[in-house]
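Student: Hey, got a minute to walk through this model with me? I'd like to start with whatever the record flags.

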Amino acid sequence: MSKNIVIHDYDISRSKRNKVNGHESFVLWFTGLSGSGKSTIANKVEEELFYKGISTYALDGDNIRSGINKGLGFSKEDRLENLRRISEVGKLFVDAGIVTIAAFVSPLISDREQVKKILGKEDLIEIFIDTSLEECEKRDVKGLYKKARAGEIKNFTGIDAPYEAPKDPEIHIQTETTEVDQAVQLIINYLEETHRI
């Protein structure tokens with residue numbers, strides 16, 4: 001950080017925003033292979049929270065890579081920078097009193113450790129959307145696996161770039177045996193049981 005940057009203390013704090021909103025603010029971080037169902041489940045979770053009167057915002061590859069991270073590619077370095085920026089944006093949203101929903105492949109354990117370091121473990125709930133590569137390839141909604149197999153996309157997670165499953169996520173959902181509505185309810189139950197909402 002530059003020596004010329006001085007952090008200003010604003011009178012309206014996160015705790016005041018949380019009090020007005022009537023709930024805590026934190027990040028739900030969905031990780032899993034492309035096609036695992038991250039965005040589908042995240043979308044339904046946000047909808048459920050929103051209709052419970054909770055202030056929410058969802059971040060995913062579409063709204064991040066078409067804007068703030070527009071200039072980044074998919075090299076290891078760019079992916080790391082992509083996640084660093086997402087984490088910093090998430091941190092601002094948490095400070096704003098918003099329950100932030102982030103759905104990103106975030107393939108490496110070290111990547112997700114960086115996310116935890118930026119956000120703070122107490123503000124991050126890691127959700128592993130566990131779907132086999134075979135099932136993700138069957139779904140292939142965006143045709144990305146087909147392109148990766150044909151060599152049209154390089155460094156594609158699960159094909160020629162690794163995915164390291166979380167070792168101890170707060171929530172672990174196996175989509176091949178759990179329907180979307182069941183997955184959403186598992187997440188809502190966790191948030192209620194841990195008094196986050």
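**The annotated serine and its surroundings**

Tutor: Sure. UniProt, in an unreviewed entry, places the feature "active site" at Ser 106. Keep in mind that this is a predicted model.

Student: Okay, where is Ser 106 found?

Tutor: Ser 106 is in the loop that runs between S3 and helix H5 (109-119).

Student: Buried or exposed, that Ser 106?

Tutor: Buried: the relative accessible area of Ser 106 is 2%, and the cut-off for buried is under 20%.

Student: What is Ser 106 in contact with, leaving aside its neighbours within four places in sequence?

Tutor: With that exclusion, Ser 106 is in contact with Trp 29, Thr 31, Leu 83, Asp 111, Arg 112 and Tyr 163.

Student: And the backbone? What's phi for Ser 106?

Tutor: About 35°, so a positive phi, although Ser 106 is not a glycine. Most residues other than glycine have a negative phi.

Student: Which other residue has a positive phi without being glycine?

Tutor: Asp 140 is one, with phi near 30°. Asp 140 lies in the loop between helix H6 (133-139) and helix H7 (144-149). Asp 140 is buried too, with a relative accessible area of 18%.

Student: Back to H5 for a sec. What about Lys 116?

Tutor: Lys 116 lies in helix H5. Its relative accessibility is 18%, and therefore Lys 116 counts as buried. Leaving aside neighbours within four places in sequence, Lys 116 is in contact with Lys 121, Leu 124 and Glu 126.

Student: New topic: strands. How covered is S3?

Tutor: Strand S3 covers residues 99-103, and 5 of its 5 residues are buried. In a regular strand the side chains alternate between the two faces of the sheet. In S3, Val 99, Ile 101 and Ala 103 are on one side, with Thr 100 and Ala 102 on the other, and both faces are covered.

Student: Which way does S1 run relative to S3, parallel or antiparallel?

Tutor: Parallel: 4 bridges join S1 (residues 27-31) to S3. As a register marker, Val 27 stands opposite Thr 100 in S3.

Student: And how many bridges between S2 and S3?

Tutor: S2 (residues 56-60) pairs with S3 over 5 bridges, in the parallel sense. There, Asp 60 stands opposite Ala 103 in S3.

Student: Switching to helices. How do H2 and H8 pack?

Tutor: Two packed helices are described by the angle between their axes and the distance between the axes. For H2 (residues 38-50) and H8 (residues 180-193), the axes come within 9 Å and cross at roughly 55°. The two helices are therefore oblique to each other.

Student: Left-handed or right-handed crossing for H2 and H8?

Tutor: Right-handed.

Student: Which residues meet there, in H2 and H8?

Tutor: On the H2 side, Thr 40, Ile 41, Lys 44, Val 45, Glu 48 and Leu 49. They meet Val 180, Ala 183, Val 184, Ile 187, Ile 188 and Leu 191 in H8.

Student: Last one: what does UniProt list for residues 25-174?

Tutor: The unreviewed entry lists "domain: APS kinase" for that span. In the model, residues 25-174 are 41% helix and 17% strand, and the end C-alpha atoms lie 26 Å apart.

Note on methods
Residues numbered from 1 in each chain as written. Predicted model: local features only at pLDDT ≥ 70, side-chain atom pairs only at ≥ 80, totals over all residues. Heavy atoms only, no water. UniProt positions renumbered as here; feature names shortened; annotations may be inferred. Buried < 20%, exposed > 50% of the residue type's maximum accessible area, 1.4 Å probe, protein only. Pairing = 2+ DSSP bridges. Axes fitted to C-alpha atoms, helices over the stretch in contact; angles between N-to-C directions. Parallel < 35°, antiparallel > 145°, perpendicular 65-115°, else oblique. Left-handed = near helix turned anticlockwise from the far one by under 90°. Contact = heavy atoms within 4.5 Å.
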